[in-house]
Amino acid sequence: MISMLPKKGCLILAEPSILNDILFNRAVILLTEHNQEGSVGFIMNKPLSYTINDLIPEINATFLIYNGGPVEQDNLYFIHNVPELIPESIEISNGIYWGGNFEMTKQLINEGIIKKENIRFFLGYTGWETEQLEYELEENAWIIIENELKERIIGKNSQDFWKEKMSELGGEYLLFSNSPENPSLN
């Protein structure tokens with residue numbers, strides 16, 4: 001089911017049929033780039049078991065780190081909603097920005113000016129080569145929807161995010177939203 005065309009700032013939901021892929025099972029991905037060269041996004045609902053302070057001890061904060069995807073998992077990325085505070089940010093859409101001056105970001109977090117509602121960190125990202133995302137959409141691996149949360153998505157609790165979006169789609173998706181993550185445990 002292709003509900004809309006992919007564009008920067010939209011959400012990509014894993015179809016319920018993606019059961020055997022641990023990383024993408026029930027994933028909600030924010031698409032941060034989509035052009036002729038391919039697509040990039042970050043998984044918004046797969047928190048890891050450590051914080052920014054675990055990775056960068058000079059940052060005095062306990063913001064969770066998220067698994068952004070399987071590409072370049074040894075690199076740290078971030079999105080935020082405070083471009084006026086973080087120079088060199090790249091606008092995604094809907095008041096959401098990608099990256100920027102990391103030294104300034106560290107300082108503002110330590111000063112308590114940037115809070116967890118303003119920024120989300122990821123190890124790795126999700127990427128698609130030219131036309132790969134379109135092919136996967138035709139194969140019914142993903143559903144594209146608008147990001148109605150806009151910049152508030154950064155502070156969104158991730159635990160039931162996929163389930164909420166499936167419920168909103170209704171129909172057969174409502175059934176999947178209430179099923180266990182691993183159907184064999186039912």
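1. Strands and helices here are DSSP runs, numbered from the N terminus, with at least two residues for a strand and at least four for a helix. With that in hand, Asn81 falls in the loop between S6 and strand S7 (90-93). Bear in mind as you read on that this is a predicted model.

2. Let's stay with Asn81 for a moment. Its relative accessibility is 18%, and the cut-off for buried is under 20%, so Asn81 counts as buried. A polar atom of the Asn81 side chain sits 3.4 Å from the backbone oxygen of Glu151. Setting aside residues up to four places away in sequence, Asn81 touches Glu151 again, along with Gly95, Glu117, Asn118 and Ile154.

3. Leu85 belongs to the loop between S6 and S7 as well. Is Leu85 buried or partly exposed? Its relative accessible area is 28%, and the buried class stops at 20%, so Leu85 comes out as partly exposed. Beyond its neighbours within four places in sequence, Leu85 makes contact with Met104, Leu108, Ile113 and Ile114. If you want a yardstick across the fold, the C-alpha atoms of Leu85 and Phe121 are 16 Å apart, with these positions 36 residues apart in sequence.

4. Now for the aromatics. With ring centres within 6.5 Å as the criterion for a pair, the tally is nine aromatic pairs. Take Phe42 and Trp98: the ring centres are 5.5 Å apart and the planes stand at 90°, which is over the 60 degree cut-off, so this pair is edge-to-face. Phe42 is in strand S3 (residues 38-43) and Trp98 in strand S8 (residues 96-98), so the pair ties together parts that are 56 residues apart in sequence. Both Phe42 and Trp98 are buried.

5. Phe78 and Phe121 make another pair, with centres 5.7 Å apart and planes at 45°; that angle lies between the 30 and 60 degree cut-offs, so the pair is tilted. This one links distant parts of the chain too: Phe78 comes from strand S6 (residues 71-80), Phe121 from strand S9 (residues 119-129), and they are 43 residues apart. Phe78 is buried, as is Phe121.

6. Worth pulling up in the viewer: ring pairs join Phe42, Tyr66, Tyr77, Trp98, Phe122 and Tyr125 into a cluster. Which residue lies over the face of Tyr66? That would be Arg120, at 4.1 Å from the ring centre.

7. Thr105, in helix H2 (residues 102-110), is a polar side chain to check. Thr105 has 0% relative accessibility, so it counts as buried. A polar atom of its side chain lies 2.8 Å from the backbone oxygen of Asn101. Residues up to four places away in sequence aside, Thr105 touches Phe78, Ile86, Ile114 and Ile119. Phe78 is the same residue that makes the tilted pair with Phe121.

8. Last, the nonpolar packing. How many residues does the largest nonpolar core have? It has 40, and Ile12, Ile29, Ile79, Trp142 and Ile153 make the most contacts inside it. Apart from neighbours within four places in sequence, Ile153 is in contact with Leu11, Met44, Ile96, Arg120, Asn147 and Phe161. There is also a second, separate core of 15 residues, with Ala61, Phe63, Ile109 and Ile119 among them. Ile119 is one of the residues that Thr105 touches.

Definitions and conventions: Residues are numbered from 1 along each chain as its sequence is written. This is a predicted model: local features need pLDDT of at least 70, side-chain atom pairs count only at pLDDT 80 or more; totals for chains, interfaces and linings use all residues. Side-chain values use heavy atoms; hydrogens and water are left out. Rings of Phe, Tyr and Trp (its six-membered ring) pair if their centres lie within 6.5 Å; planes under 30 degrees apart count as stacked, over 60 as edge-to-face and the rest as tilted. Buried means under 20% relative accessible area, exposed over 50%, partly exposed in between (1.4 Å probe, protein chains only). A charge sits over a ring if NZ of Lys or CZ of Arg is within 6 Å of the ring centre and within 35 degrees of the ring normal. A polar contact is a pair of N or O atoms within 3.5 Å; within protein, one must be able to donate a hydrogen and the other to accept it, and residues adjacent in sequence count only if both atoms are side-chain atoms. Contact means heavy atoms within 4.5 Å. A nonpolar core is a set of buried Ala, Val, Leu, Ile, Met, Phe, Trp, Tyr and Cys residues joined through side-chain atoms within 4.5 Å.
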